Amino acid sequence: QVQLVESGGGLVQAGGSLTLSCTGSGSFVRINAMAWHRQAPGRTRELVAAITSDGSASYADSVKGRFTISKENAKNTVSLQMNSLKPEDTAVYYCYADSTTKWYTRAANWGQGTQVTVSS
């Protein structure tokens with residue numbers, strides 16, 4: 001079981017920047033891929049960015065060139081640098097981690113979410 005704690009959300013004006021961070025702790029063998037998802041009011045949760053354990057990153061088309069995901073494997077931490085924010089980026093952002101449990105099975109883990117609000 002991995003406990004994921006997010007930080008860094010808040011209110012920012014359009015064009016501004018925010019950095020989200022998420023750290024995993026608990027009982028597990030290792031954290032594999034990590035990702036950020038978001039959910040805006042009335043919409044389904046969507047993948048924003050993901051990064052594998054070897055550092056390969058992928059992004060939703062809507063954030064390419066504006067967001068950067070990074071990971072510190074030794075600290076089980078993933079960050080999301082968000083630049084040139086737009087009002088449509090407003091959402092609750094959730095950290096996700098794919099982990100290997102102590103029984104050597106795979107598990108999906110979610111953080112509690114952090115609110116990002118971009119004002120126009």
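Let us start at one residue: Tyr104 is exposed, with a relative accessible area of 60%. Here exposed means over 50% relative accessible area, buried means under 20%, and partly exposed is in between, using a 1.4 Å probe and protein chains only. Tyr104 lies in the loop between β9 and β10 (106–110), and its phi is near 65 degrees, a positive value in a residue other than glycine.

Before going further, a word on the model and its numbering. Residues are numbered from 1 along each chain as its sequence is written, and side-chain values use heavy atoms, with hydrogens and water left out. The model is predicted, and local features need pLDDT of at least 70, side-chain atom pairs count only at pLDDT 80 or more, while totals for chains, interfaces and linings use all residues.

Now for the whole chain. It has 0 helices and 11 strands; helices (H or I, at least four residues) and strands (E, at least two) are DSSP runs, numbered from the N terminus. The radius of gyration of the chain is 14 Å, close to the 14 Å that the globule rule gives for 120 residues, so the chain is as compact as a globular protein of that length. That radius is taken over C-alpha atoms, and the globule rule is 2.2 Å times the number of residues to the power 0.38. Along the principal axes, the C-alpha atoms fill a box of roughly 50 × 25 × 20 Å.

How much of the chain is hidden, and how much shows? Of the 120 residues, 43% are buried. The chain exposes about 6,300 Å², and carbon and sulfur atoms supply 49% of that area; accessible areas come from the Shrake-Rupley method with a 1.4 Å probe, and for residues only the protein chains shown count as cover. Contacts also reach along the sequence: among those between residues at least 6 apart, 55% join residues at least 24 apart. Contact here means heavy atoms within 4.5 Å.

Next, look for the sheet. An open sheet is formed by 4 strands in the order β1-β3-β8-β7, with antiparallel pairing. Two strands pair if DSSP finds at least two bridges between them. At the edges are β1 (2–7) and β7 (67–72), each of which pairs on one side only. From one strand to the next, the twist averages 15 degrees; axes are lines fitted to C-alpha atoms, for helices over the stretch in contact, and angles run from 0 to 180 degrees between N-to-C directions.

You can walk across this sheet one pair at a time. Beginning with β1, this strand pairs with β3 in the antiparallel sense over 6 bridges. Leu4 has Gly24 in β3 as its bridge partner, and Gln3 stands opposite Ser25 in β3. Moving on, β3 and β8 run antiparallel and are joined by 6 bridges, with Leu20 opposite Leu80 in β8. Last come β7 and strand β8 (residues 77–82), antiparallel and joined by 6 bridges, where Phe67 stands opposite Met82 in β8.

Strand β7 rewards a closer look. Its side chains alternate: Phe67, Ile69 and Lys71 point to one face and are buried, while Thr68, Ser70 and Glu72 point to the other and are not. The hairpin of β7 and β8 has 4 residues between the strands, and in it Asn76 takes a positive phi near 50 degrees. Asn76 counts as buried, at 19% relative accessibility.

Which cysteines does the disulfide join? It links Cys22 to Cys95, with an S to S distance of 2.1 Å. Cys22 lies in strand β3 (residues 18–26) and Cys95 in strand β9 (residues 91–100), so the pair ties together parts that are 73 residues apart in sequence. A search of the whole structure finds 1 disulfide, where a disulfide is a pair of cysteine sulfur atoms within 2.5 Å. The link of Cys22 and Cys95 is left-handed, with -85 degrees about the S-S bond. Both Cys22 and Cys95 are buried.

Val5 brings the sheet and the disulfide together in one view. Val5 is found in strand β1 and counts as exposed at 52% relative accessibility. Leaving aside its neighbours within four places in sequence, Val5 is in contact with Ser21, Cys22, Thr23 and Gln112. The C-alpha atoms of Val5 and Cys95 are separated by 8.0 Å, although these residues are 90 residues apart along the chain.
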